[in-house]
Amino acid sequence: MIRAEGVEKWYPNGFHALRGASLTVNRGEVVVIMGPSGSGKSTFIRTFNALEDFQKGSITVDGLALSNDVRQIDAIRREVGMVFQQFNLFPHLSVLENLTLAPVLVRKRPRAEVEQQAMALLERVGIAEQAEKFPGQLSGGQQQRVAIARALCMEPRILLFDEPTSSLDPEMVREVLDVIQALAAEAITMVVVTHEVRFARQVAHRVVLMDEGVVVEQAAPEAFFTAPRHERTQRFLEQIL
Amino acid sequence: MGTPSFAAKRLPVAALLPLKRLRAQLAPTVADGLLSLGLLALIAWAAVQLFGWAIGRADWAVLQLNSMLLLVGRYPLAEQWRLWLLGGLLAAQAGLSWGLLRAWPRADRREQGQLWPRHDRIAVVVIILLALLLPAGLRLAGPLQGRWGLLAAVLLALRWAAGRWAADHWGGRLHRRGLKLLGLLWPLLYLLGFWLIGGGLGLAAVAPGDWGGLLLTVVMASFAMALSFPLGVLLALGRRSSLPVLRWGSVAYIEFIRGAPLITLLFIGQNILGFLLPAGMSPDRVWRAAWVLTLFAAAYLAEAVRSGLAAVPRGQLEAARSLGLNQAQALVTVVIPQALRVALPTMVGQFIALVQDTTLLSLIGLLDLLGMARGIMANPEFLGHSSELYLVLAVLYWSCCAALGLGSRALERRLDPRNLAGSP
Ligand SMILES: Nc1ncnc2c1ncn2[C@@H]1O[C@H](COP(=O)(O)OP(=O)(O)OP(=O)(O)O)[C@@H](O)[C@H]1O
Ligand SMILES: [Mg+2]
């Protein structure tokens, strides 16, 4: 589904954030990316839907090569959903409108049909009764669940999560992780940047360690956490476990 | 003043008895009490003086004789029915919008019209005062008083009826659609207004040179507002564009306009534009001034919108793009609405300034409200009665600006998602 090879990125200020990062994500696979702060995790997954550009290497998503072609980029973004650390819900739209905006505007689907689907999705993430409210009226955990439902409403083939629980109060982390775990059970392709070890162990098919702009190690969760091969992984695990 | 009064303000004032409440508000400490008393005395004294003057020494004949001049200038008498018709339509539409907007809490907000009951009522009282008492007090001609009162009655009656109807009959969805429709009615009425005022297409044409007084002021101000708004948004977007030509063009334009006094621009518009454009091509003096006002206001609006755009977090655009919206869709549906909400108070401030700026038109020889008044004052027959005129002018300008201010504050609250919070 995603094939990134030797991706290098320099930020406009000259900072070399990705230094040849490579990763392949297969259909239906859940890949968890871990790594120390500043290692380029966010930058890397944001290249997958062209929120960040890159200068060297190549990325293909669902058979489409990422290039500067705007049409191509829009086509890829339609198929790749993203959930942000800061939720980024649209505060001026109701919860329901947050969900229906893109499918109606981008996929040109009839509003009534999309609303039905949106309500079903809200039901699934457990907040159907909040559909008419505005994002500012919801708790962090509820907002993040709306954000997930919003991404799902576009029926993406791939979902990217960038630290979906990092700005949540501890008691709300579980409810969001539960939703993501339920999605994983439905064989949606997902790339999740997170520091939640328990989640990674339970849900991931593969865990990836990034450091200093490269993918250092990738392995099945058990092997990753119990028998890391790379010295940098060992150091990282020592710090977080 | 100082800390004691501040602490006192945070008492649950509403819970106290009226008299005690008044005391808590006006005189939480002895010093505050004295200050309040002094200020009240001063206000009372000023009011008595003003009334004494208004009833005793003032001579309102200058207004009785010139009321039509002040209202519409030299607009031909036979065609003035068009203006009253337009006035009636405007009053109806305004009443309709007001009533609906007022009764427009979204589905999650059931206490109807809770968002601005106080301002709302104050506005009603002010309108009644202005429409009935002021003309009566000035002893204006009977028919004029009657029509003025009729306009106010239409406005208030429709506000009431629409509010009632909306509160009873409209659920959230239908309601929102209705408001959209209403939004479409305004531009339509706007075009209709220009047709009624200017004539053509079957109506006798009335040249812009014959428009004057309050009519001209309102036409100029509303024209400039309506057109400077989209222009300002485009300029603000241009300023943030990644295309250097667009960016620098916008910056240069905005900075040039903001660096030049309006009056010089108006003179440039009147004189130089006339030379630059071939004869016949150059628009009429009034329209030239209207365009200058528009282009002037657009630069200031652009700055207001820019600050609004800057206040929208980057993540909003990213979220919209990651959902597959293209740049234009993301701007129109996600970024600009939020930016405009932030910029609304500043923008309305600019609009109010614009209304006041129209007084400069009198300096380039147009007979707007102020220009008309100056013309009347120059007439030896009315020598020495400028105070009366200026007072009425002040009230009229104040009404226009106050209406803008109140309307915008109402809209601001209505649009603020925090005010929709279900938790009290
Ligand atoms: N817009 C930018 N301009 C310049 N440097 C940037 C920019 N964004 C990020 N960086 C730098 O790039 C590096 C990688 O950033 P990135 O956000 O991808 O890290 P991360 O692994 O997601 O870290 P965290 O766990 O803190 O989110 C960091 O050193 C950061 O300072
Ligand atoms: Mg990050």
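Which residues have the most contacts inside the largest nonpolar core? In this predicted model, local features need pLDDT of at least 70 and side-chain atom pairs count only at pLDDT 80 or more, while totals for chains, interfaces and linings use all residues. Residues are numbered from 1 along each chain as its sequence is written, chains are lettered from A in the order in which they are written, and side-chain values use heavy atoms, without hydrogens and water.

The largest nonpolar core (buried Ala, Val, Leu, Ile, Met, Phe, Trp, Tyr and Cys residues joined through side-chain atoms within 4.5 Å; buried means under 20% relative accessible area with a 1.4 Å probe, protein chains only) has 124 residues. Those with the most contacts inside it are Ile33(A), Phe44(A), Phe48(A), Leu160(A), Leu70(B) and Met220(B). Apart from this core lies another, of 53 residues, including Met34(A) and Ile127(A). With contact taken as heavy atoms within 4.5 Å, and residues up to four places away in sequence not counted, Phe48(A) touches Leu160(A) and Val191(A), among others.

In chain A, six strands (DSSP E runs of at least two residues) form an open, mixed sheet in the order β6-β7-β8-β3-β9-β10. Its edge strands, β6 (80–83) and β10 (214–219), each pair on one side only; pairing requires at least two DSSP bridges. Strands β7 (158–162) and β8 (189–193) of chain A pair in the parallel sense over five bridges, and Asp162(A) stands opposite Val193(A).

In helix α16 of chain B (residues 386–415; helices are DSSP H or I runs of at least four residues), the buried residues include Leu389(B), Tyr397(B) and Arg414(B).

Notes
The expected span of a helix is 1.5 Å times one less than its number of residues. Buried means under 20% relative accessible area, exposed over 50%, partly exposed in between (1.4 Å probe, protein chains only).
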